[in-house]
Amino acid sequence: MARQGILIVVSGFSGAGKGTIMKELIQRYEQYALSVSVTTRGKRAGETEGKDYFFRTREEFEQMIEEGALIEYACYVNNYYGTPRAYVEEQLLKGRDVILEIEIQGARKIKKQFPHAVLLFVTAKDAQVLKERLAKRGTETPEVIRQRLQRAVEESEGIEEYDYLVVNDELDVCVEQIHSIIESEHQRIRYHMELVQSMREELRSFSKGD
Ligand code: 5GP
């Protein structure tokens, strides 16, 4: 029987290295499908339409909200970000584990709609590292960096709502930790009820001497 796909939410402070971790994870293991979000923020140097994000205008984004084309969306530092519904549903049906790299408001909405989703929070080992990574990336203005750090303060208040914390100190260790969390998740009884039921039935019939 094909495995049922699991929905995985990965959040983390800006600068925690989520993007790099996710790329590595999908390269190493075929079971993962990374959802590409829609955003109204401008494209950063090196980003590709349809690979990093679907870059859309505010009007186009609002149209998608109206059509119900997004499973969740949120506003983050003055821009909209949202998860297209079709890809997620299609990949889960195929049995792939779908990763959503989204912020906390979106994570909460997903947990409501998909109570079995696994929520992971990725962080750097301390706040100083986060600040340095953000500055080094060089893609944001000092004002946007300040707003993103402000947002990190708010997000840090919500960490208890997540199921797991992963510290991104060494990329390799972090990727393997995430993979083993997901693999353990697949062993939950709820995903094996067919086996459990048939085992029960067979045991019952054996005990009757069949
Ligand atoms: P960035 O601009 O750095 O690419 O992303 C900013 C924040 O938006 C990150 O915390 C990222 O996880 C989050 N984000 C990206 N896509 C989505 C989405 O589809 N929905 C929500 N709620 N957040 C998203």
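**Aromatic pairs, a helix contact and a loop**

Tyrosine 32 is buried, because its relative accessible area is 2%, below the 20% cut-off. The model is a predicted one.

Tyrosine 32 does not stand alone. It forms an aromatic pair with tyrosine 29. The two ring centres lie 6.3 Å apart, and the planes meet at 85 degrees. The pair is edge-to-face.

How many aromatic pairs does a search of the whole structure find? The search returns 9. A pair of aromatic rings is described by two quantities, the distance of the centres and the angle of the planes. Take phenylalanine 13 and phenylalanine 121. Their ring centres are 5.0 Å apart. Their planes stand at 75 degrees, so this pair is edge-to-face. The cut-off for that label is an angle over 60 degrees.

This pair links distant parts of the chain. Phenylalanine 13 sits in the loop between β1 (7-12) and α1 (18-28). Phenylalanine 121 belongs to strand β8, residues 118-123. The two are 108 residues apart. Both phenylalanine 13 and phenylalanine 121 are buried.

Aromatic residues also gather in a cluster. Tyr53, Phe55, Tyr76 and Tyr81 make up one such group.

Next, the loop between β5 (70-76) and β6 (79-84). Valine 77 is found there, and so is asparagine 78. Most residues other than glycine have a negative phi. Valine 77 has a positive phi, near 40 degrees. Asparagine 78 also has a positive value, near 70 degrees. Which of the two is buried, and which is exposed? Valine 77 counts as buried because its relative accessibility is 19%, and the cut-off is under 20%. Asparagine 78 is exposed, with a relative accessible area of 59%.

Now the helices. Helix α5 covers residues 127-137, and helix α6 covers residues 142-156. They pack at an angle of about 150 degrees. Their axes are 11 Å apart. The angle makes α5 roughly antiparallel to α6, because the cut-off for that term is over 145 degrees. The crossing of α5 past α6 is right-handed.

Which residues make the contact? From α5 come Lys131, Leu134, Ala135 and Arg137. From α6 come Ile145, Arg148 and Leu149. By class, the contact has 4 nonpolar residues and 3 charged ones. It has no polar residues.

Key:
Residues numbered from 1 in each chain as written. Predicted model: local features only at pLDDT ≥ 70, side-chain atom pairs only at ≥ 80, totals over all residues. Heavy atoms only, no water. Axes fitted to C-alpha atoms, helices over the stretch in contact; angles between N-to-C directions. Helix = DSSP H or I, 4+ residues; strand = E, 2+ residues; numbered from the N terminus. Parallel < 35°, antiparallel > 145°, perpendicular 65-115°, else oblique. Left-handed = near helix turned anticlockwise from the far one by under 90°. Contact = heavy atoms within 4.5 Å. Nonpolar A, V, L, I, M, F, W, Y, C, P; charged D, E, K, R; others polar. Phe/Tyr/Trp six-rings, centres within 6.5 Å; stacked < 30°, edge-to-face > 60°. Buried < 20%, exposed > 50% of the residue type's maximum accessible area, 1.4 Å probe, protein only.
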